[in-house]
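Colleague: I'm new to this one and would like a close look at a single part: the pockets. Could you walk me through what lines them?

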Amino acid sequence: MVFLFLLVTIGFLVLPASGDATTDTIQAANNVYVSNYTIDPAVLFTGDTATATFYVTNGNANQSVMVNHATFGDNDILLTSSSYVTNTNIGPLQTRPFVFSIGTDKPAGTYYPSFSLSFTAGNGMYYRTPVKVDNTLLVMTIADQPDSFTQGVKETISVQISNPRDNDVKNVIFEATGNDVTLTPSKTYIGDLAAGTSTMVNFTATADEPTTLFMHVDYGNGDNSHTINTTLPILFTTDKLQADPVMSNIVIALNNGTYDVTGDVTNAGLSNANGVTVTSLSPAVPQDPERNYVIGTLKPDDFGSFEITFTAPDGTTSVPLQQSYKDNDGNVITSVQNIDLTQATTQTGSKPSMLPALVVVIIIVLGVGGYLYQKKRKNQ
């Protein structure tokens, strides 16, 4: 009986103290709150994954709080990592991060999954968080290109890359590819591209044949890779602003089997023609003294004369003349014009002049006459 009495007495003494401790724990839990959260990427594409981090702060100045379960997600935003199921202590005025991996296959829209946290004493805590899904892609635009492409001529192309999304993207890389074309540079690393901004990429293209450029932009939305593409056909046409040397006033003379061709070259274009040169091509065989002729630089509407000499096999009726020049980028541009050798004028050798012999005869006659005249006077 005495033992039972003591046991009951002790129980009554302990119960009030235990009740006070539970009340304090519950009140301490009420001072725990979500002080911040981040979602990376901030805006998802359908099918993307993201990292959600919640920062839980213990607002109690003198009391720790024990939590034993934390999770995040719902039927729209799926938790792809594990929940926190073990007891975790958060000290006074301390902040503890809880990190989750999430994903969604939902269409564009804003969803509101919940972050929940349980305490060893007291009620749990719930915090609803907006998660945005937006399938807007980056935009690639050809900002500047030449009016025309010319074979073997280097041209500059400018491409603008814009980010119309509400979040930044990272690791943006531009790349251009194509057959029968030299691209410099073919790949450009841009890095991060902030929301609502754009950047410009410049590169040069030198095409050997008509082709198509394929342009790609790879970028990361968080750890998710995305790509946009566009194409640019390269067709050879006449540049409206380029130099245009034209040969005219061609005169062909044949002298002892050697053709002597003279003429003019006029720049009928709108740009300078640098280093204009004229030469003959096979079946012609260039000969001295004018195997080829360098006119030099011709400004628009300017002209220069040339003279070239060559031989050609018997029976040749036409020979191609090639004129070449360099544009402002140093590209060599050539054109060919055939000339009709049947229009050549033949130059025959002229007869020796009789004037020198006549002068000698006159001198001799005068000399002899003078001698005889002087001799006659002396005899008289």
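**The pockets, from the largest on**

Modeller: Sure, and bear in mind that this is a predicted model. Let's begin with the largest pocket: 15 residues line it, and those lying nearest its centre are Asp239, Gln242, Ser271, Asp327 and Asn328. Sort that lining by class and you get an even split, with five nonpolar, five polar and five charged residues. As for the space inside, the largest pocket has a volume of about 240 Å³.

Now hop over to the second largest pocket, which holds about 170 Å³ of space. Here 13 residues make up the lining, and Gln242, Tyr325, Ile333, Thr334 and Ser335 are the closest to the centre. You'll recognise Gln242 from before: it is also among the residues nearest the centre of the largest pocket.

Which elements give two or more residues to the lining of this second largest pocket? They are β26 (318-326) and β27 (332-340). Of the elements, β27 gives the most, with four residues. When you have the structure on screen, β27 is a handy place to start for this pocket.

The class make-up of the second lining is six nonpolar, six polar and one charged. Set that beside the lining of the largest pocket, where five residues are charged.

So, to picture both together: Gln242 lies by the centre of the largest pocket, and Gln242 is also listed among the closest to the centre of the second largest one.

Note on methods
Residues are numbered from 1 along each chain as its sequence is written. This is a predicted model: local features need pLDDT of at least 70, side-chain atom pairs count only at pLDDT 80 or more; totals for chains, interfaces and linings use all residues. Side-chain values use heavy atoms; hydrogens and water are left out. On a 1 Å grid over the protein atoms alone, a cavity is a set of points where a 1.4 Å probe fits but cannot get out, and a pocket is an open set with protein on both sides within 12 Å along at least five of seven lines; lining residues have an atom within 4 Å of a point. Grid points are joined across faces, edges and corners, and a volume is the space filled by probe spheres set on the points. Ala, Val, Leu, Ile, Met, Phe, Trp, Tyr, Cys and Pro count as nonpolar, Asp, Glu, Lys and Arg as charged, and the others, Gly among them, as polar.
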